[in-house]
Amino acid sequence: MHISEGVLSGPVLISGGIIAATGTYIGLKNIDLEHIANVGILSATFFVASLIHINIGPSSVHLILNGIIGLLLGWAAIPAILVALILQTVFFQFGGITVLGINTIIMAAPAIIGYYLFSPFVFSSRTVTTATAFVCGALAVFLSALLMAMSLMFTEENFLEVSALVVTSHLPVMVVEGIITVFCISFLKKVRPEIFPSYRQQHKSLNSQFST
Amino acid sequence: MNITEPFAIGNSGIHLLDPRPRVVIAVLFSTITAVLQQFPPLFLAFALALFLVFRARLNPVIVGKRLTILGLFLTMIWLLVPLTFEGELVTRFWKLNIYLPGIVYSAKITIKSVTILLIFMSLVATMPITTLGHTLHRLRLPEKLVFLLLITYRYLFVIGEEYVRLRTAMKIRGFKSGTNLHSFKTTAYLIGMLFVRASVRAERVNQAMRLRGFNGHFYSLEDFAAYRSSGWFLTFALSLLILILVLEWLL
Amino acid sequence: MAALTTDSAKTDPLIRITDLTFIYPGSVKPVLRQLNLDFHQGERVGIMAPNGSGKTTLFYLLMGLLKPDSGTIEIFGKPVRSEKEFENIRKRIGMLFQDSDDQLFSPTVLEDVAFGPLNLGKKPAEAKLIARDTLNQLGLEGFENRVTHKLSGGEKRLVSLATVLAMEPEVLLLDEPSNGLDEETKTRLITHLSDLDLSYMIISHDHDFLYELAQSNYTMKNGQLEPMERMHIHYHSHPHTSHRH
């Protein structure tokens with residue numbers, strides 16, 4: 001989900017840039033040497049996975065997955081998303097230089113909110129995890145759409161209708177992302193629980209397995 | 001997955017220029033364009049961007065294709081904004097009011113978005129990602145961010161290939177994506193599998209980096225002295241940018 | 001490059017492993033159980049054993065990527081335990097990973113090969129020179145500016161070897177080096193490895209490959225290394241009968 005160049009006002013772009021830079025700074029502080037490769041490679045996975053299209057009736061949407069990336073990376077999600085957006089700009093000319101900051105916030109702020117609200121429940125009972133994972137995935141998309149709508153409204157009040165359209169058009173995506181997040185989280189929890197930072201914090205001494 | 005950098009390699013005047021001033025000018029120029037309100041400076045900015053694309057000798061067909069990415073977005077703008085930006089009425093079409101401020105606003109958005117995209121293609125997309133990484137490093141962006149960018153870029157292709165393999169395996173077993181729970185579940189497991197493999201791989205990459213003495217420092221081998229001096233480019237670009245700003249202020 | 005140091009007496013092993021035991025967390029059965037090995041300068045040792053028998057684990061322990069549950073590892077005559085001690089060891093022992101995509105994490109070949117030397121404190125110009133020399137030595141002239149992800153599998157393996165050799169190690173640990181290579185690249189790799197003035201251990205399932213390169217071979221049983229008779233691999237000329245574990 002991103003805003004194209006040329007729409008937003010100077011103040012919105014500049015505030016976006018400053019908030020994103022601060023967030024990136026905090027995110028980078030949270031990445032120690034041992035985890036640079038992890039964040040980079042998960043960021044690459046996020047990039048690839050967000051190119052996957054899902055059919056909704058006759059049309060198709062591409063996945064956003066910021067709820068999942070938040071649960072997997074915590075604060076490091078901000079630089080990871082920033083980097084993925086830079087690469088999208090270079091490869092596909094999606095987004096662009098001046099909207100890099102605001103687009104990072106649109107994607108990353110919901111990821112961080114999701115991380116704080118929902119990572120405590122990843123290892124709860126099946127019902128709780130299912131419910132919270134759904135809300136996490138859906139809420140992240142909703143918040144992204146809301147942030148996008150707000151940045152349009154701050155630019156120009158006449159964007160009310162456009163903003164409303166942004167939010168309503170994402171409603172089906174919210175449901176799909178919620179469902180995808182449920183299955184994805186339950187899969188990761190079973191197959192590789194140590195991928196979650198919350199798990200690693202609880203099992204600090206754990207040497208993870210690798211095949212011989 | 002088809003990821004290419006069609007403009008990265010070339011020997012035009014722009015390709016041979018030092019990448020650092022190119023990135024700086026691209027950021028300045030795009031930001032200025034984004035905040036312009038008047039048509040004359042906007043047209044001047046557009047002309048300058050076109051000139052840069054011409055100087056970079058970019059393949060016009062690919063430039064055109066990349067611009068069509070804006071098509072859907074601009075269509076939405078032109079369909080909505082002229083109807084909702086209330087002000088002087090231009091005409092009534094069927095039962096819809098079409099307003100002048102809406103048309104003016106849509107026109108500005110169109111010029112701005114196309115101009116900024118052209119600037120990016122001519123000044124930034126004309127260097128490989130690795131060069132961009134080294135340039136950002138020289139421009140004092142944090143080492144960790146540059147590392148992240150380069151590692152993400154490197155493993156994009158490895159993971160893209162893994163995705164294609166998994167996808168093919170699913171297809172062979174008769175999977176067709178549709179709007180149903182089974183499809184969503186399968187896709188979610190596919191994504192989960194990509195993340196699992198990425199995480200396992202990251203552990204090995206980290207070990208390989210440690211074995212080779214990784215200490216968090218980013219050492220750049222890019223030889224910026226090998227590029228053409230950028231004096232004329234800086235003077236030319238900066239004076240035009242100032243002219244654009246002066247026009248904006250005067251009008 | 002790669003000159004062998006001769007300061008230690010000939011009889012002292014380069015690597016001495018005593019009663020090494022390792023259990024993966026969450027598992028009860030040790031992968032390595034009181035494993036012993038003396039590895040001398042100039043030796044070329046092959047290790048051939050089924051998957052999951054602990055070969056890679058042994059390499060990881062030697063490099064300090066895993067910590068043993070008990071036992072000692074002495075390298076270059078000194079016991080190594082702490083991360084600091086292993087950091088010094090890593091400058092002298094190079095390890096080639098099974099999957100070259102794990103080893104080559106830089107976007108271009110030159111950057112990747114120069115990465116190790118730069119971390120060892122070499123100046124960029126010097127690191128570039130070492131990288132070029134190493135590439136040339138492996139017949140990879142003109143590969144400097146190639147983009148890593150666009151290399152073929154065989155090229156990736158050779159460049160990986162270059163990244164290890166550029167650090168001028170005295171010992172190489174090679175994990176399945178011939179895996180997934182076509183015959184031509186395999187022959188090339190054999191030529192380069194046998195030309196090197198280095199001691200090495202090779203993990204491999206490939207009889208031909210070990211036959212060409214290793215002077216002695218081990219297998220792993222019950223978490224220990226057991227010498228294999230040379231004649232056990234005589235059927236290298238009948239590769240299709242080779243998988244009868």
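Select B:Met121 to begin; this residue of the predicted model sits in helix α4 of chain B, which spans residues 100-124. Is B:Met121 buried or exposed? Show its surroundings: there are 24 C-beta neighbours inside 10 Å, and the threshold for burial is 20 or more, so B:Met121 counts as buried. Leaving aside residues up to four places away in sequence, add B:Phe7, B:Val53, B:Leu58, B:Val63 and B:Arg66 to your selection, since B:Met121 touches each of these. For a sense of scale, draw a distance to B:Val205: this residue is 84 residues apart from B:Met121 along the chain, and their C-alpha atoms are separated by 33 Å.

**Where chain A meets chain B**

Next, colour chains A and B separately. The contact involves 59 residues of chain A and 62 residues of chain B. On the chain A side, at least two residues come from each of α1 (10-29), α2 (36-49), β1 (53-56), α4 (77-92), α7 (160-169) and α8 (171-191). Which of these elements gives the most? Select α2(A), which supplies 13 residues to the side that touches chain B. Colouring this side of chain A by residue type gives 40 nonpolar, 15 polar and four charged residues.

**The nonpolar core**

In soluble globular proteins, nonpolar side chains tend to be buried together. Here the largest nonpolar core holds 218 residues. To find the members that touch the most others, select A:Leu42, A:Ile69, A:Ala77, A:Ala80, A:Ile81, B:Phe120 and C:Ala162. Then centre on A:Ile69 and look for its contacts with A:Phe46, A:Ala77, A:Ala80, A:Ile81 and A:Ala111, again leaving out residues up to four places away in sequence.

**An overview of chain C**

Now isolate chain C, where you will find eight helices and 10 strands. Of its 245 residues, 46% count as buried. Among the chain C contacts with a separation of 6 or more, 68% join residues 24 or more positions apart. The domain assignment gives domain 1 as 13-90 + 198-231 and domain 2 as 93-168. Place a marker at the C-alpha centre of each domain and you should find the two 25 Å apart.

**Helix α4 of chain C**

Select residues 109-119 of chain C, which form helix α4. This helix is mostly covered, with 10 of its 11 residues buried. Among the buried ones are C:Val109, C:Glu111, C:Asp112 and C:Phe115. What do the buried residues of α4(C) pack against? Show α5 (124-137) and α6 (153-165) of chain C, and you have both partners. Just after α4(C), stop at C:Gly121, which takes a positive phi of about 100°.

**Strand β7 of chain C**

Finish at residues 171-175 of chain C, strand β7. Five of the five residues are buried, so this strand is largely enclosed by the rest of the structure. Turn on the side chains: C:Val171, C:Leu173 and C:Asp175 point one way, while C:Leu172 and C:Leu174 point the other way.

Now bring in the neighbouring strands. Strand β6 (residues 93-96) of chain C pairs with β7(C) in the parallel sense over four bridges, and one place to look is C:Gly94, whose bridge partner in β7(C) is C:Leu172. Strand β8 (residues 199-203) of chain C also pairs with β7(C) in the parallel sense, over five bridges. There, C:Asp175 stands opposite C:Ile203. To follow the connection, trace the chain from β7(C) through helix α7 (residues 183-195) of chain C to β8(C): this β-α-β crossover is right-handed.

Note on methods: Residues are numbered from 1 along each chain as its sequence is written. Chains are lettered from A and ligands numbered from 1 in the order in which they are written. This is a predicted model: local features need pLDDT of at least 70, side-chain atom pairs count only at pLDDT 80 or more; totals for chains, interfaces and linings use all residues. A residue is buried if 20 or more other C-beta atoms lie within 10 Å of its own, exposed if 12 or fewer, and partly exposed in between; C-beta atoms are placed from the backbone. Two strands pair if DSSP finds at least two bridges between them. A crossover is right-handed if, with the strands pointing away from the viewer, the path from the first strand over the helix to the second runs clockwise. Two residues are in contact if their C-beta atoms, placed from the backbone, lie within 7 Å. Ala, Val, Leu, Ile, Met, Phe, Trp, Tyr, Cys and Pro count as nonpolar, Asp, Glu, Lys and Arg as charged, and the others, Gly among them, as polar. A nonpolar core is a set of buried Ala, Val, Leu, Ile, Met, Phe, Trp, Tyr and Cys residues joined through C-beta atoms within 7 Å. Domain bounds come from an automatic or database domain assignment.
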